[in-house]
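Reader: Got a minute? I'd like to go through this one with you.
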Number of protein chains: 2
Amino acid sequence: MEHKALSLSDFDLRPTPCRMEVLGLLQSHDYALSQGDIEHQLSSQFDRVTVYRTLKSFLSQGLIHKVLDDIGGIKYALCKELCHQGGHAHQHDHVHFKCDQCGQTTCLELVHIPSISLPENFTKKESNLLIQGVCNLCNQV
Amino acid sequence: MEHKALSLSDFDLRPTPCRMEVLGLLQSHDYALSQGDIEHQLSSQFDRVTVYRTLKSFLSQGLIHKVLDDIGGIKYALCKELCHQGGHAHQHDHVHFKCDQCGQTTCLELVHIPSISLPENFTKKESNLLIQGVCNLCNQV
DNA sequence: CTTGGTGCAAAGGGTTTGCAACTTA
DNA sequence: TAAGTTGCAAACCCTTTGCACCAAG
């Protein structure tokens with residue numbers, strides 16, 4: 001995992017203790033974390049609400065993106081430079097993979113969602129592809 | 001929408017009033033419904049819990065399948081014959097489309113999820129593709 | 001009679017909101 | 001000082017569970 005120095009102030013976010021810790025957590029994992037994961041893994045105890053608000057502000061500033069976990073579930077992952085490339089605001093056309101065994105949800109940054117030809121008159125704005133199965137690590141056992 | 005006579009007893013489900021109404025609702029819509037949609041659209045008032053249990057039994061009998069709504073959201077739609085084809089239990093490799101304008105989530109039965117080549121040692125069991133945008137009806141305006 | 005379905009109440013989990021206190025630019 | 005951030009409490013979903021009652025095979 002690349003640990004390039006992401007700075008909160010670059011995203012118009014005050015570098016508060018909670019934000020720095022949450023950012024650190026997200027940077028130190030190469031898979032997506034749920035709100036609960038984050039809340040429990042923080043070394044300092046921050047209020048649950050603060051974590052929610054932290055994630056919300058990260059989202060609105062484009063620092064992280066939502067990741068489909070299972071059907072119905074949500075996790076969060078850092079946006080890579082790829083997300084910020086291109087003219088349009090944000091690109092998240094990569095595939096998300098959830099491992100049924102270890103439960104980890106990873107962004108397959110290099111696997112892109114193929115373009116789908118939709119029926120007549122349907123226009124696409126965004127797409128999310130979640131693949132469930134067994135990940136590389138669990139398959140090695 | 002095809003109204004072919006789906007029989008609850010074919011799915012080992014007793015044809016109770018609640019189940020018949022819920023099935024009727026699902027049959028009369030060509031888009032997926034959430035638990036709340038169903039609860040509110042039932043002509044007779046059934047307990048919320050009963051609707052939940054009805055959906056759960058429909059799911060376990062393979063009469064309906066879960067549909068990704070937004071990220072984090074769940075709706076339900078009838079399984080078509082396509083689902084029951086093939087050797088394996090169930091196939092839901094079609095694309096789901098959520099319209100940002102009318103809010104309807106439809107099963108694009110004919111649009112299949114393309115096979116994705118995963119990185120080394122990843123094995124796929126299931127996949128879900130949700131496309132958000134504007135549907136054919138809303139685009140005609 | 002025995003199984004399964006329903007309703008009601010309650011509990012549980014996740015998320016949001018209001019407000020007062022605090023921090024910091 | 002003014003704006004942004006936090007903690008606490010409470011409110012809101014949405015969903016599940018326990019239990020007693022009812023209905024149907």
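Author: Sure, let's take the DNA strands in turn and then the helix packing. One caution: this is a predicted model.

Reader: Fine. How many residues surround DNA strand C?
Author: 14 residues surround DNA strand C. The closest are Y52(A), T16(B), R19(B), T50(B) and R53(B). Of the strand C atoms that come within 4 Å of the protein, sugar and phosphate account for 64%.

Reader: Which side chain has an N or O atom 2.7 Å from a base oxygen of DNA strand C?
Author: R53(B). The side chain of R53(A) also has an N or O atom 3.5 Å from a base oxygen of DNA strand C. For the backbone, take T16(B): an N or O atom of its side chain is 2.8 Å from a phosphate oxygen of DNA strand C.

Reader: And which elements give two or more residues to that surface near DNA strand C?
Author: From chain A, α3 (48-60). From chain B, α1 (17-27) and α3 (48-60). The largest share comes from α3(A), with four residues.

Reader: How do the residues of the surface near DNA strand C divide into nonpolar, polar and charged?
Author: Five are nonpolar, three polar and six charged.

Reader: Switch strands. Which residues are closest to DNA strand D?
Author: T16(A), R19(A), T50(A), R53(A) and Y52(B). In total, 15 residues surround DNA strand D. Sugar or phosphate makes up 66% of the strand D atoms within 4 Å of the protein, and bases make up the rest.

Reader: What about phosphate oxygens of DNA strand D? How far is one from an N or O atom in the side chain of T16(A)?
Author: 2.7 Å. A polar side-chain atom of R19(A) lies 2.5 Å from a phosphate oxygen of DNA strand D. For T50(A), a side-chain N or O atom is 2.5 Å from a phosphate oxygen of that strand.

Reader: Which element gives the most to the surface near DNA strand D?
Author: α3(B), with four residues. At least two residues each come from α1 and α3 of chain A and from α3 of chain B. By type, the surface near DNA strand D has five nonpolar, three polar and seven charged residues.

Reader: OK, helix packing. At what angle do α1 and α3 of chain A pack?
Author: About 70°, with the axes of α1(A) and α3(A) 10 Å apart. That angle falls between 65 and 115 degrees, so α1(A) and α3(A) count as roughly perpendicular.

Reader: Is the crossing of α1(A) and α3(A) left-handed or right-handed?
Author: Right-handed.

Reader: Which residues meet there, between α1(A) and α3(A)?
Author: On the α1(A) side, C18(A), R19(A), V22(A), L23(A) and L26(A). On the α3(A) side, T50(A), T54(A), L55(A), S57(A) and F58(A). Six residues of this contact are nonpolar, three polar and one charged.

Reader: Now chain B. How far apart are the axes of α1(B) and α3(B)?
Author: 10 Å, at an angle of about 70°. α1(B) and α3(B) are therefore roughly perpendicular to each other. Their crossing is right-handed.

Reader: What does α1(B) meet in α3(B)?
Author: T50(B), T54(B), L55(B), S57(B) and F58(B). The α1(B) residues that meet them are C18(B), R19(B), V22(B), L23(B) and L26(B). The contact of α1(B) with α3(B) divides into six nonpolar residues, three polar and one charged.

Definitions and conventions: Residues numbered from 1 in each chain as written. Chains lettered and ligands numbered in written order. Predicted model: local features only at pLDDT ≥ 70, side-chain atom pairs only at ≥ 80, totals over all residues. Heavy atoms only, no water. Near = heavy atom within 4 Å. Polar contact = N/O pair within 3.5 Å; in protein donor to acceptor, adjacent residues only side chain to side chain. Nonpolar A, V, L, I, M, F, W, Y, C, P; charged D, E, K, R; others polar. Axes fitted to C-alpha atoms, helices over the stretch in contact; angles between N-to-C directions. Parallel < 35°, antiparallel > 145°, perpendicular 65-115°, else oblique. Left-handed = near helix turned anticlockwise from the far one by under 90°. Contact = heavy atoms within 4.5 Å.
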